[in-house]
Amino acid sequence: PPVIYRADYQPPDWRVETVSLEFDLDLSATEVHATLGIVRNGDHDRAVRLDCDGALPQTLAVDGQPVNWRQEGSRIAFDVQGERAIVTLSTRIAPDTNTQLMGLFASNGMLCTQCEAEGFRRIIPFVDRPDNMSVYEVLLRADKSRFPVLLSNGALVESGDLDGGRHYARWRDPHPKPSYLFALVAGDLVATRDSFTTKSGTHVDLAIFVRAGDEGRTAHAMQALKASMAWDERVYGLEYDLPVFNIVAVSDFNMGAMENKGLNIFNSRYILADPDTATDYDYDAIEGVVAHEYFHNWSGNRVTCRDWFQLSLKEGFTVYRDQCFSADMGSEAVKRIEDVRMLRAAQFPEDAGPLAHPIRPDSYMEISNFYTSTVYNKGAEVIRMMATMAGPERFRAGCDLYFARHDGEAATCEDFVRAMEEGAGLDLGQFRRWYEQAGTPQVQARLEHDAATGTATLHLRQNFTPTPGQPAKPLMPIPLRTALIDRDMKAHRGEMLVVLTEAEQALSFTGYARAPVLSINRGFSAPVNLDVARASGDLPFLVRHDDDPFARYEALQQLVIDRLIADIADMDGPGAAQGHAVSLDEIIAVFGDLVSDQRLDDSMRAEILSLPTEAFLGEQMLIVRPEAIHVARKSLRKAIGSRLLNQWRIVHERASSVPYSLSREARGARKIKSLALGYIASAEAGDAAMVAFDQFARADNMTDRQGALAVLASMQADQRETALDSFYNRYQGNALVIDKWFSLQTGSAHPRVHEQMLELIRHKDFTLTNPNRVRALYWPFVSNQAVFHEASGRGYELLTDLVLKLDPLNPQTTARFIAPLGRWRRFDEARAAKMRDCLERILAQPGLSKDVTEQVVKSLE
Ligand code: HT7
Ligand code: ZN
C-alpha cells in the first residue's frame, strides 16, 4: 500500500462549501443524492478529485450537465471550468453488508454512520479530509414503522409523513465541519430526555437514544453528560453551541464512541449501566467516555485537525481533559494511578516495539492504525507536562488563546504549541521534540549526600533507545516533580519542579545533616522509565511516609518488582539474583501495614495492594520469561495471601457489611472486598471457593458478582462451573454482560484456559461480526501472558486463525490484534520463530487488508 507522508501536505485543490444530502434509507439498498457547492482553492487548473471507497457515483453532473468522470485509484476525477460549481451526484449503498462498520452500516435493525477517519467516502465521493469544512443540510427519508427515529447533526428543521408509510426529517448544522463529523441514525429507538442551560442562558435539549428495554440504563450517562457540560464551562470557559445534543447507543462499533457534531454515537458499553449489570469500573468508563466525546465539541470540532498526522491535537488534548474531569469527579490519586497503569500497559510496550511512532507520526499507510495509545495516552501526557510546567492559570491562558485564535479552523499541533508559548509564557523550543520522537526516555537518578557540608546532590541523566526510523535522538526536556524527604521528620520542605534538559544534570541542596530520601517523578509528571539508585530501606520508607499518593503506590510497585525479578533470577540457581531487593518478610510487613493504614481510603488501598500484572513484569525484562513470571508472581501472591490471611478475612468481612450505593466509601469497599477475596483464594485457604461463591451468590450488584466470579474462574473447584453457568443463565440475551462472561474465562489463571478458549470460539453466542464480542473473547486471552505465550505456540496459532478469518470482515478491528505477535523480539528464539511464522502466514493471505498489511510488514521489519 502507498505511504502517505506528513511532509507532503498540500491544501485541497477544491473545497466543498455547502453539502445538501438526501437519503432514502433502507437496510439493503440506500439511495444517496448529494448537492455539493464547490470552490476552486487557489490559482490552478487541476481537476476536481473526490475520494471514493466503494460508493461509485451512479450519476454525476456539474451545474446540471452530466459529466464523464474517470477513476484514479481511490479517487474519481472530473474537470470543472470556472471558480465555483454545483456538483450533483448519487450513489446506492448496501448498509446490511457493511461488516467493516465504516460509512453507513446496519446494527440490530438500525442504521448509523461512522465517518472518522475516512468513512464518509464510503457514502458518497467527497473531499474527505479534515481541512475541508462544509455546512451540511440533510434530508432523511425512511419507512416510518421500521425507522421512527431519524437523526443527523445540528438541529431538526422539519419533519413529516410521506406516502407509503414513509416519513422524513430535515436537519441543518450551522457549524462548518469536516466530513468525518457527519452522522446519521435511523431506527426504532427510545429516548431518555433532559436539558442543560448554558452559563449564558441557552437552553439545550439532551437526549440519549437506545433500543427499547435499555432506557432504564441511561441515567448515569445522562448525569455524566450534564456534569461534563458544567465542567467545561467552569474549568475551560467553554459552552455548548447548539440547541440539541443527541447521543445514540449502538451495539456494533469499532471503537468506544464518536464525537459527531451534535450527534455522538456510542458503543453501547459506554452508555448502558445499572447496578445489576455494570461494575463500578464500567460506571467510571462511561463517565470518562461521555466526557471525552463531549469535550471534543471544542477540542476537535470547533478547532479540528488540518490533517490526520495532527490527530493527537484533538485526541491527546481531549484525553487530558477527560482525565482531569474524572479526577475532579472522583479521586485524583486513584485516577492518576489508573491512567499511568494503562499508559504502561499499552503505550510503553508500543513505544518499545516495531510499531513505535511519535505522537505526531511522520507517515502512515492506513490512518485507522494510528488511533493508538501513543497518539491518545502519550499525547495526553505531553499536554500534562505543559500544564505542569505552566501551572493552572498560565495553562488556561494558553488554552484560551488556542481556542480563540483557531476557532472554526483546521489546526496543527504546532498551532497548539505556539498558543501555549504565547498564552502561557513557556519556552517550548526543545519541548517540541516530544511531538517528534518516539520511544520512552530513560532517566537515571541518584542522590549523593555529603554529611560534612550537609549537601544533597541530585544527579540526573537521560538516555534513549533507538526506535524504528529514529536511531539517534536529541535530548528532551523532562519535568520531574521532586521532593527530598527528611528521614526523621518524615516530611519535605516543599516540592520542586526539576526540568532535566541536558544529558546529565546535577542539582545541590543544602541543610541536610542526614541524607534525605528522594521522591521523584511524583504524580508521574513525565512519561519516562525511571531508574533510581537507592539504599535498600528507601522504598519501604516511601511506601509508608511519602505524602504523594502516586509516589507511595510507585514505591510499593517497585519493591514488588525488584523482589520478583530477584526470585526469577534465583530460579536459574542460587546467587544468580543481583541488586538489593528487600526480603519477602519486609514486603509482607509493608503489605500488613497498608491493609490497615487509616490514612488510606479503601479505593486507594486496593490500588496500592494490587500486584503488577504478569505482562508488566515481562516488560521489565530484556527477554520475557512467561512461565517464570507466572510462577514467581503466583508464589508471592500466595505468601501475601496466607501470611496475612486473617487481615484479608477481616477486610473482606468489614467491606461486605457496607450496603450498595454509588458513594465513594461504598465503591472503595467493593474494590477492596474483591481484592481481599483474591488474596484469600491465592492463600489456597480451604474455604476460599466457598467464600467466593458466597460473595457471588449474595451479590446485589455486578461489581461484587463479577469480582467473585473472576476469582472463581481461576480456581479448580465445583463452584466455578456452578457460578459460571448461573451467571450465563441469568444474563442470557444481555450482550454486554455475556461479553464479561467470555472475558472472565479467557483472562483467568485456570490451567485449562486454552481448551476453554477452543470451546468458547464454538459457543453459539460467539460471532465475528460484533467487535465487542471478538474483543471480549480474544483480548483477555492475548493479554494472559502465560497462556498466550505457552511454549507450544498454540496461542499464537489461535490468534493467527482469528486474524485470517476476521480480516475480510473487519480489517480495522483485526489490525489491533497484530501487535501481540509483533513483540517477538522480546521472547526467546523458539517463541520468536513461532511468532514470526504466524506473521508470515498472515502476510501470505491473498487479499489481505491495507490495515493488517501495514502492521504485519512493520512487525517483521
Ligand atoms: N474520535 C473517535 C475516533 C473513532 C474512530 C476512528 C476509526 C474508526 C472508528 C472510530 N470510531 C471512533 C473516538 C474518540 O477518540 O473520541
Ligand atoms: Zn477522542
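Two strands are counted as paired when DSSP finds at least two bridges between them. By that criterion strand 10 and strand 11, the latter made of residues 110-114, are partners in the antiparallel sense, with 5 bridges between them. One of the facing pairs can be picked out by name, since Gly103 has Gln114 of strand 11 as its bridge partner. The structure in which these strands are found is a predicted model, and the confidence values that come with it are a mean pLDDT of 98 for the protein chain, with 100% of the residues reaching 70 or more. For the complex, the predictor gives an ipTM of 0.98 and a pTM of 0.99.

It helps to have the overall division in mind before following individual strands. The protein chain is divided into domain 1, which is made of two stretches (1-97 + 122-182), and then domain 2 (188-302), domain 3 (304-436), domain 4 (442-526) and domain 5 (732-861). Between the centres of domain 4 and domain 5, taken over C-alpha atoms, there is a separation of 41 Å.

The pair formed by strands 10 and 11 belongs to an open sheet of 4 strands, which follow one another in the order 10-11-16-13 with antiparallel pairing. Strand 10 (103-107) and strand 13 (149-152) each have a single partner strand, and therefore one side of each is left without a neighbour in the sheet, at whose edges they stand. On average, and with direction ignored, neighbouring strands here are turned by 15° against each other.

A second open sheet has 8 strands in the order 6-5-9-3-2-12-15-14, and its pairing is mixed. Its edge strands, each paired on one side only, are strand 6 (65-66) and strand 14 (155-161). In general, the strands of a sheet pair through backbone hydrogen bonds, and they may do so either parallel or antiparallel. Both senses can be followed along this sheet. Strand 3 (residues 30-40) and strand 9 (residues 84-93) run antiparallel and are joined by 10 bridges, and within this pair Ile38 stands opposite Ala85 of strand 9. Strand 2 (residues 14-24) and strand 12 (residues 134-143), by contrast, run parallel and are joined by 7 bridges, with Tyr136 of strand 12 serving as the bridge partner of Val19. Strand 12 also pairs with strand 15 (residues 166-177), in the antiparallel sense and over 9 bridges, and there Leu140 stands opposite Ala169 of strand 15.

The UniProt record, an unreviewed entry, adds annotations that can be set beside the model. It assigns residues 87-181 to "domain: Aminopeptidase N-like N-terminal", a span in which the chain is 0% helix and 53% strand and the end C-alpha atoms are 21 Å apart. For "domain: Peptidase M1 membrane alanine aminopeptidase", the unreviewed entry lists residues 221-434; that span is 55% helix and 9% strand, and its end C-alpha atoms lie 34 Å apart. The annotation "domain: Peptidase M1 alanyl aminopeptidase Ig-like fold", again from an unreviewed entry, covers residues 439-531, over which the chain is 0% helix and 52% strand, with 16 Å between the end C-alpha atoms.

What surrounds ligand 1? The shell is made of 15 residues, of which the closest are Glu116, Asn254, Met255, Met258 and Tyr371. Two elements, strand 20 (257-258) and helix 2 (280-295), are those that give two or more residues to this shell. By character, the shell residues divide into 5 nonpolar, 6 polar and 4 charged. Domain 2 (188-302) and domain 3 (304-436) each supply at least three residues to the shell around ligand 1.

Glu116, one of the residues closest to ligand 1, also takes part in a backbone feature, for a cis peptide bond joins Glu116 and Ala117, with omega at about 0°. Ala117 lies in the loop between strand 11 and strand 12, and these two strands have already appeared in the text, strand 11 in the sheet of 4 strands and strand 12 in the sheet of 8. A further backbone detail is found at Lys490, a residue other than glycine whose phi is nevertheless positive, near 55°. Lys490 lies in the loop between strand 27 (478-486) and strand 28 (491-492).

Note on methods. Residues numbered from 1 in each chain as written. Chains lettered and ligands numbered in written order. Predicted model: local features only at pLDDT ≥ 70, side-chain atom pairs only at ≥ 80, totals over all residues. Axes fitted to C-alpha atoms, helices over the stretch in contact; angles between N-to-C directions. UniProt positions renumbered as here; feature names shortened; annotations may be inferred. pLDDT = per-residue confidence, 0-100. Near = placed C-beta within 6 Å. Nonpolar A, V, L, I, M, F, W, Y, C, P; charged D, E, K, R; others polar. Domains from an automatic or database assignment.
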